[in-house]
Amino acid sequence: MDRDWGSKTGGGGAASAQNEAIDRRERLRRLALETIDLAKDPYFMRNHLGSYECKLCLTLHNNEGNYLAHTQGKRHQTNLAKRAARELKEAPVQPQPHKRKLSLKKSVKIGRPGYRVTKQYDPDTKQRSLLFQIEYPEIEDLEKPRHRFMSSFEQRVEKWDKRYQFLLFAAEPYEIIAFKVPSTEIDKSTPKFFSHWDPDSKMFTLQLYFKVKPPEIKPPSANGPANGTAAPGVPPRPLPPQAQVPPPPPPQGNPPGGFANPPRGPPPGSVPPPPPMSSVNGPRPMPPGGSLPVPPPPPVGSGTMANFTPGTQMGRPLMMMPPPQGFPGQQILPPPNMGQQMQRPPMSQ
């Protein structure tokens, strides 16, 4: 059976006005929670009882949704407007900075002016200069040309280059022209840097001088020049003193035949001869006569020491003695007293 009035079967019946108000407040609470941060609200406060208060309207709320619904109400919005008007009235008046309004002239440009650039050189100061002559025959009345220097980083026409700068000239109704000059420091002293405008001939003149760069002085290296020559303007280093070689010792004894001249030392700057080699078993020096002494005769086999052999009396094996050393081709003989018994002098009573 169809019904033309009331709610549908199973629809729960029509909502009353009270239920619609509750549903509206719930939707407003959810929307406010998404858009409003209660931590940044200066009038939101939670008391010790667990409820919430509005410090602006002095109202008490059971939950956050009730407080958010209150903030969207007419009472809270009215109090906010009153608070803002009172703070604006009590705030001190701050002085506003004076802003000068510039009226931009919009004139039709008629083209570029004629110009003449002259390069100059001063032989006394060794400075280079430029002389600019700009002609403005149709310049506006009571108008005077202007100029300024512009860095390479300010313009957007060419690529940046720190080695150059630009000199600009402007006058209405002509277009602005610029000259690319070296980025050297300009000497702005009175007699050298000047500008002049001649209203009769309608010519603007400007002259500028560039300062001379001081020569760069390279510091001398710590190790000195590689080719052994000193740098210009630097005194040469003194040579280290040479080591003094001590003279050789004088000879021991006088040569046969009288006194001889004292030995002379080596000339200065030469290397002295090496000292004679001294060794225990080394070669013996030649006698002054130049001939070897006659060796003594071999011992005679008589006496108690004739048949003596070292090491046999003590029960030790025979030890091989190293061969004596001498000059090449020289025969080394034992001393004359080897193998003979030495006679003792009689003792005096």
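This is a short viewer tour of a predicted model, with stops at a sheet, two nonpolar cores, an annotated span and a few salt bridges.

**Stop 1: the three-stranded sheet**

Select β6, β7 and β8 to bring up an open sheet, with the strands in the order β6-β7-β8 and paired antiparallel. On the edges sit β6 (146-151) and β8, each pairing on one side only. Look along the sheet and you can see the twist, which averages 25° from one strand to the next. As a general reminder, strands of a sheet pair through backbone hydrogen bonds, either parallel or antiparallel. Now keep just β7 and β8 on screen: six bridges join these antiparallel strands. Show the side chain of F169 and find I177 of β8 standing opposite. Hang on to F169, as you'll want it for the next stop.

**Stop 2: the largest nonpolar core**

Next, select F132, I134, Y136, F169, F204, L206 and L208. In the largest nonpolar core, which has 19 residues, these touch the most other members. Colour by strand and you'll find that β5 (127-135), β7, β8 and β11 each supply at least two residues of this core. Which strand gives the largest share? That would be β11, with four residues. In soluble globular proteins, nonpolar side chains tend to be buried together.

Centre on I134 and show what surrounds this residue. Leaving out residues up to four places away in sequence, I134 touches P113, G114, Y115, F169, I177, F179, K202, M203 and F204. So the facing pair from the first stop, F169 and I177, turns up again among the contacts of I134.

Another core lies apart from this one; it has ten residues, including Y43, L56, C57 and Y67.

**Stop 3: residues 52-82**

Select residues 52-82. UniProt, in an unreviewed entry, places the feature "domain: Matrin-type" here. In the model this span is 55% helix and 19% strand, and its end C-alpha atoms lie 22 Å apart.

**Stop 4: salt bridges**

The structure holds eleven salt bridges; here are some to click on. In general, side chains of opposite charge can pair when their charged atoms come close.

Start with R30 and E26, whose side chains meet in a salt bridge at 3.6 Å, N to O. Both residues lie in helix α1 (residues 17-35), four residues apart, or about one turn of the helix. Are they buried or exposed? Somewhere in between: R30 counts as partly exposed because its relative accessibility is 42%, and E26 is also partly exposed, at 32%.

Now jump to K109 and E172, which form a salt bridge at 3.2 Å, N to O. K109 lies in the loop between α3 (74-90) and β4 (114-122), and E172 in the loop between β7 (164-170) and β8 (177-182), so this pair ties together parts that are 63 residues apart in sequence. Switch on a surface and compare the two partners: E172 is buried, with a relative accessible area of 15%, whereas K109 is partly exposed at 40%.

Finish with E185 and K211, a salt bridge whose closest N and O atoms are 3.2 Å apart. Here too, distant parts of the chain are linked: E185 is in the loop between β8 and β9 (186-187), and K211 is in the segment after β11 (203-210), 26 residues apart. E185 is exposed, with a relative accessible area of 53%, while K211 is partly exposed at 36%.

Notes: Residues numbered from 1 in each chain as written. Predicted model: local features only at pLDDT ≥ 70, side-chain atom pairs only at ≥ 80, totals over all residues. Heavy atoms only, no water. Salt bridge = Lys/Arg side-chain N within 4 Å of Asp/Glu carboxyl O. Buried < 20%, exposed > 50% of the residue type's maximum accessible area, 1.4 Å probe, protein only. UniProt positions renumbered as here; feature names shortened; annotations may be inferred. Core = buried A, V, L, I, M, F, W, Y, C linked by side-chain atoms within 4.5 Å. Contact = heavy atoms within 4.5 Å. Pairing = 2+ DSSP bridges. Axes fitted to C-alpha atoms, helices over the stretch in contact; angles between N-to-C directions.
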